[in-house]
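Grab a coffee and work through the exercises below with the viewer open. Try each task yourself before you read its solution.

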Protein chains: 2
Amino acid sequence: MKTTKNCITRLYQYREALYRMKTSGCQKVFSNDLAEAIGANSSQVRKDFSLFGISGNKRGGYGIHELMDQLDTLFNKNQMRKIIVVGVGNIGRALMNYESFARELILIEAAFDIDPMKYDREALIPVLPMEELQDYITHNKIKMAIIAVPYFAAQQVFDLMSAAGIRGVVNFSPVSLKTPEDVFVNNVNVQLEIDIVHYFVNALDKKE
Amino acid sequence: MKTTKNCITRLYQYREALYRMKTSGCQKVFSNDLAEAIGANSSQVRKDFSLFGISGNKRGGYGIHELMDQLDTLFNKNQMRKIIVVGVGNIGRALMNYESFARELILIEAAFDIDPMKYDREALIPVLPMEELQDYITHNKIKMAIIAVPYFAAQQVFDLMSAAGIRGVVNFSPVSLKTPEDVFVNNVNVQLEIDIVHYFVNALDKKE
DNA sequence: TGGTTTTTGTGATTTTTTTCACAAAACACC
DNA sequence: GGTGTTTTGTGAAAAAAATCACAAAAACCA
């Protein structure tokens, strides 16, 4: 199966739209509705679904419940997903306190930092010394981590994790990571996201 | 000119790579080096540059200083960029305290919230009541905003801003916004980014 | 100075992604 | 049960993005 990040993102958006539709009482949905909801073409919706063997009913569209179940399964939304945070700065802390994770069964199990002032083994999400990172990962079979350290530390932290067997990383530090083949990395660069908007706003202005 | 978000993202990555190269003392760079740095093809690099009229020297590559200047101009990195934050929760607060913004000349000028407990007109970044949002935008000619409110408030906040003349938005709330033509919106969904990694980690596991 | 090498810039080609378009299935209504 | 309408699922077509490939310019060297 050949799935791109774009495709996965769309599936996520469908799910989001479905959620809204469900809460407003709908029972079934057509590819057309979903397409409109996310600003795409209805064939796109059907193609995306067919990639994952999700099928509807000719003339009847898709059952919202059934469809959401299938998407939930796809995203493993049914099982608790353990994750750790490395770097307890602004972003790290914000993620640790992020309310909606619980609802989506994302569980931040522990956090790590180099600053002894931040250590706190008794907290709801314990903050542990960086020295324990590798042991923690192997011992607790952690597969996923969030990197939220300053840019100069990011690669080093990543290499540690990677060596300890991490399989997926969301990197919030403002540098792209050099990554081995067998670890999936998703770079989320807040500065870049702001600069992109800035760029397009300016570009639009110039056109007018 | 036909520029996509992907293209802009690559330009940003080049800039990042150039920064590293400059600090390690390099003076010039070839399309090949940049391609390797971001995992792309060297023609891609040259195509991207040519789109923006950035040219190098046959056999001599590109001067790092000159190139960075051109990219900085492209991203308006030379002038202070004012922005406001709406929603002083975990994420909003984290962004307000984000150190590297200053270095990149991104200035968060004010923040807004509905919770009176959070108001603070004297703070370095004043936190103002939501009622003042529209006036503030028009009065101070704010062009860009960050939305960091809970999902149920996001669209409403956006519509307010949009009506007040905002031109670009980075939306950190976990819902995609319905947006008018003349406002550029960049959705950054933290949950989605985590779920994407989760998906691909699982997908990789299944393949083995 | 003339030949050799290197690297850009860009048309041509390939690959990927999106959209079109239509047959086949399902339902509704008479 | 037949006829008409709606919507899926998917090959075919179009559009967009990435890669190839090569002429032309520049630097080097002898």
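**Exercise 1.** Find which DNA strand D atom type B:R46 reaches with its side chain.

*Solution.* Start at B:R46: a polar side-chain atom there lies 3.4 Å from a base nitrogen of DNA strand D. That counts as a polar contact, meaning a pair of N or O atoms within 3.5 Å; within protein, one must be able to donate a hydrogen and the other to accept it, and residues adjacent in sequence count only if both atoms are side-chain atoms. Now try the phosphates: an N or O atom in the side chain of A:Y62 is 2.7 Å from a phosphate oxygen of DNA strand D, and for B:R10 the distance to a phosphate oxygen is 3.3 Å.

A note before going on: this is a predicted model, where local features need pLDDT of at least 70 and side-chain atom pairs count only at pLDDT 80 or more, while totals for chains, interfaces and linings use all residues. Residues are numbered from 1 along each chain as its sequence is written, chains are lettered from A and ligands numbered from 1 in the order in which they are written, and side-chain values use heavy atoms, with hydrogens and water left out.

**Exercise 2.** Work out how many residues surround DNA strand D, and which helix gives the largest share of that surface.

*Solution.* Collect every residue with a heavy atom within 4 Å of the strand. You should get 21, with A:R46 and A:Y62 among the closest. Next, sort by helix (a DSSP run of H or I, at least four residues, numbered from the N terminus). Helix 3 of chain B comes out with the largest share, 4 residues. Finally, split the strand's own atoms: 57% of those within 4 Å of the protein are sugar or phosphate, and the rest belong to bases.

**Exercise 3.** Do likewise for DNA strand C: which helix leads there?

*Solution.* Again 21 residues surround the strand, B:S31 being one of the closest. Here helix 3 of chain A has the largest share, with 4 residues. For individual contacts, B:S31 puts a polar side-chain atom 2.7 Å from a phosphate oxygen, and B:K47 has one 3.1 Å from a base oxygen.

**Exercise 4.** What rotation superposes chain B on chain A?

*Solution.* Superpose by least squares on the C-alpha atoms of residues with pLDDT of at least 70 in both copies. You get 180° with 0.0 Å of shift along the axis, at RMSD 0.0 Å. So that is a two-fold axis. In chain B, the C-alpha nearest the axis belongs to B:A94, 3.1 Å away.

Key
Helix = DSSP H or I, 4+ residues; strand = E, 2+ residues; numbered from the N terminus.
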